[in-house]
Amino acid sequence: MKKKESKIVVITGASSGIGKGLKQLFERDGHTVVGLSRGDCGKEWRKCDVTDFEQVKSTIDAVGMQYGKIDILINNAGVGISGALELTTDDDYKKIMSTDVDGVFNVCRAAVKYIPAGGRIVNISSVCALFALPYRSLYCAAKAAVNMMSFGLRMELKNSGITVVTVCPGEIKTGFTSARIKNYATNDRYGDSIKLSAKHIDDKEEKRMSCLRASKKIYKIAARKKGAMYIVGAKYRMLYFLSKIFPVGAMLSGTGRFMIKRK
Ligand SMILES: NC(=O)c1ccc[n+]([C@@H]2O[C@H](COP(=O)([O-])OP(=O)(O)OC[C@H]3O[C@@H](n4cnc5c(N)ncnc54)[C@H](OP(=O)(O)O)[C@@H]3O)[C@@H](O)[C@H]2O)c1
């Protein structure tokens, strides 16, 4: 039987959650996995903040020199934010955009030259890129930017034989909720609805897909699938289908009614 070829895989945000799960699964199958994160992610950890292009460039160059190529790049590092858009601070805005959007941009532009024909870039986005949520506007905007960057790059790299895949997971049980920037600032316009709406989502934490299950699904996609976009979670595939049928206004009214909670 033909032995599976060992790949060089780079994963950002491999110190916890989905990134950590993916790292373990690729390692289990005999691949060499380099993890980029600020916190320790074990074997082959490169300490790197994806928001800082100089750091990203020198880290990726070092990986490229050491291994000669990067077969699979997974842009997974990300952070969430909740709160009213009107009451978001500059610092919080910058943290979200620099991690979720600049991070993908930084790593892609540093790494593409090391990815050979047949290689892959997998961008971990979110279903929030497909469905706007109240009090999650900036996270949705950041992930929508990731989708568009990813789709554009897919077309740009097609002739180089590099496949770019976008993954949009639904809710998964990881450290993401506790790491999320939670801004409960309010005024007369919103009253207690910001806090109650956040609680409505956070109360469902236990019903989220387990990290192991999600990592296994994303692993299959990251390792082999060639489609432009994959949604992880049957409920969200159904919602995506509905979003293609119903007018945007109807989808937003329905989502707003369901997601905004008041006493
Ligand atoms: N969990 C969900 O419900 C869900 C749903 C849809 C999409 N996603 C997306 O899935 C991805 C992974 O999230 P997760 O759920 O696994 O969350 P997580 O457990 O909080 O992991 C986030 C990872 O991102 C890394 N990270 C954050 N800022 C970074 C920075 N500036 N530089 C380098 N690494 C950074 C963190 O590492 P360090 O802190 O050590 O740097 C950590 O390893 C994210 O892109 C998220 O948006 C998650």
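Is Lys263 buried or exposed? In this predicted model, Lys263 is exposed, with a relative accessible area of 85%. The residue is a convenient entry point to the charged pairs of the structure, which are described below after the ligand site.

The ligand is surrounded by 30 residues, and the closest are Ser15, Arg38, Gly39, Tyr139 and Thr174. Sorted by class, this shell holds ten nonpolar, 15 polar and five charged residues. Several polar side-chain contacts to the ligand were found. The side chain of Ser15 places an N or O atom 2.7 Å from an oxygen atom of the ligand. Asp49 has a polar side-chain atom 2.9 Å from a ligand nitrogen. For Arg208, an N or O atom of the side chain is 3.0 Å from an oxygen atom of the ligand. The ligand taken alone exposes 880 Å², of which the protein buries 93%. Two or more residues of the shell come from each of helix 1 (17-28) and helix 4 (137-157).

Turning to charged pairs, a search of the whole structure gives 15 salt bridges. Side chains of opposite charge can pair when their charged atoms come close. One of the bridges lies within a single helix. Asp61 and Lys57 meet through their side chains with an N to O distance of 2.8 Å. These two residues are separated by about one helical turn, because they are four residues apart in helix 2 (residues 53-67). The partners fall into separate accessibility classes: Asp61 is buried at a relative accessible area of 15%, whereas Lys57 is partly exposed at 30%. The assignment of Asp61 follows from the cut-off, because buried means under 20% relative accessible area.

Other bridges connect parts that are distant in sequence. Glu171 and Lys235 form a salt bridge between their side chains, with an N to O distance of 3.8 Å. Glu171 belongs to the loop between strand 7 (163-169) and strand 8 (172-173), and Lys235 to helix 8, so this pair ties together parts that are 64 residues apart in sequence. Glu171 is partly exposed, its relative accessible area being 30%, while Lys235 is exposed at 53%.

Lys263 takes part in a bridge of this kind with Asp192, the closest N and O atoms being 4.0 Å apart. Asp192 is placed in the loop between strand 9 (181-182) and helix 6 (193-202), and Lys263 in the segment after helix 9 (248-259); the pair therefore ties together parts that are 71 residues apart in sequence. Asp192 is partly exposed, with a relative accessible area of 32%, in contrast to the exposed Lys263 at 85%. In addition, Glu5, Lys7, Lys69 and Asp71 are joined into one network by salt bridges that share partners.

The surface also carries a nonpolar patch. Met238, Phe241, Ile245 and Phe246 make up this patch, which has an area of about 430 Å². Ile245 is situated in helix 8 (residues 234-245). Its side of the patch can be described by its accessibility: Ile245 is exposed, with a relative accessible area of 52%. This value meets the criterion for the exposed class, because exposed means over 50%.

Backbone geometry was also examined. Glu44 has a phi near 60 degrees, a positive value in a residue other than glycine. This residue sits in the loop between strand 2 (32-37) and strand 3 (45-47), and its relative accessibility of 29% counts as partly exposed. Tyr135, likewise not a glycine, has a positive phi of about 60 degrees. Tyr135 is located in the loop between strand 6 (120-124) and helix 4. With a relative accessibility of 9%, Tyr135 counts as buried, whereas Glu44 is partly exposed.

A final entry concerns a separation along the chain. Ile181 and Glu156 are 25 residues apart in sequence, and their C-alpha atoms are separated by 34 Å. Ile181 lies in strand 9 and is buried, with a relative accessible area of 12%.

Technical notes:
Residues numbered from 1 in each chain as written. Predicted model: local features only at pLDDT ≥ 70, side-chain atom pairs only at ≥ 80, totals over all residues. Heavy atoms only, no water. Near = heavy atom within 4 Å. Polar contact = N/O pair within 3.5 Å; in protein donor to acceptor, adjacent residues only side chain to side chain. Areas by Shrake-Rupley, 256 points an atom, 1.4 Å probe, with all protein chains shown as cover. Nonpolar A, V, L, I, M, F, W, Y, C, P; charged D, E, K, R; others polar. Patch = residues over 30% accessible without salt bridge, like charges linked within 9 Å, V, L, I, M, F, W, Y side chains within 5 Å. Buried < 20%, exposed > 50% of the residue type's maximum accessible area, 1.4 Å probe, protein only.
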